[in-house]
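User: Could you take a close look at one part of this model for me, the charged side chains that pair up? I'd like to know what sits where and what holds on to what.

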Amino acid sequence: MNLHIDIKENGPERYVSLAGEIDVYTVPKLKEELIPVTEEPNKQVIVDLSGINYIDSTGLGVFIGALKATDQSGSSLKITGVNDRVRRLFTITGLDEVIEIEVNEREEA
């Protein structure tokens, strides 16, 4: 039950790389590090989930909060590296219609 978070800055882009599991135990850490990044004005926040093998509803809630924060700060949120399992969660909940999601191309091939 670990979550590794790596945040890099490149001009107006904030690249957030996540690895591990996103669940009720790791969500506080994710929220503490991701939300402030999404509150920065006029940034493009890219969250890479290619290292995530599990996410639950509390994790999805953090991404909803991140989307709201980017909307309020004039920034944008994009999620990349989504595997089939995680993509299914975003599809079932309808979040794929409000959050820009880029599918992991390796699994599509």
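Analyst: Let's start with Arg 14. This is a predicted model, and in it Arg 14 is buried, because its relative accessible area is just 6%, under the 20% cut-off. What does Arg 14 pair with? One partner is Glu 40: the two form a salt bridge, with the closest N and O atoms 3.0 Å apart. Now look at where they come from. Arg 14 lies in strand β2, residues 13–22, while Glu 40 is in the loop between α1 (27–38) and β3 (44–55), so this pair ties together parts that are 26 residues apart in sequence. Glu 40 itself is partly exposed, at 23% relative accessible area.

Arg 14 also forms a salt bridge with Glu 9, and here the closest N and O atoms are 3.6 Å apart. Is Glu 9 buried or exposed? Glu 9 counts as exposed, because its relative accessibility is 61% and the cut-off for that word is over 50%. Put these pieces together and you get a network of salt bridges that links Glu 9, Arg 14 and Glu 40. So if you click through the network, you go from an exposed Glu 9 to a buried Arg 14 and on to a partly exposed Glu 40.

How many salt bridges are there by this rule? The count comes to 5. Another one of them joins Glu 102 and Lys 78, whose closest N and O atoms are 3.2 Å apart. This pair links distant parts of the chain: Glu 102 is in strand β5 (residues 100–103) and Lys 78 is in strand β4 (residues 76–82), 24 residues apart. As for exposure, Glu 102 counts as partly exposed at 35% relative accessibility, whereas Lys 78 counts as buried at 18%.

While you're zoomed in, swing over to the loop between β2 and α1, where you'll find Thr 26. Thr 26 counts as buried, with a relative accessibility of 5%. What does its side chain meet? A polar atom of the Thr 26 side chain lies 2.8 Å from the backbone oxygen of Glu 21. On the nitrogen side, the backbone of Asp 23 comes in: its nitrogen lies 2.9 Å from a polar atom of the side chain of Thr 26.

Notes. Residues numbered from 1 in each chain as written. Predicted model: local features only at pLDDT ≥ 70, side-chain atom pairs only at ≥ 80, totals over all residues. Heavy atoms only, no water. Salt bridge = Lys/Arg side-chain N within 4 Å of Asp/Glu carboxyl O. Buried < 20%, exposed > 50% of the residue type's maximum accessible area, 1.4 Å probe, protein only. Helix = DSSP H or I, 4+ residues; strand = E, 2+ residues; numbered from the N terminus. Polar contact = N/O pair within 3.5 Å; in protein donor to acceptor, adjacent residues only side chain to side chain.
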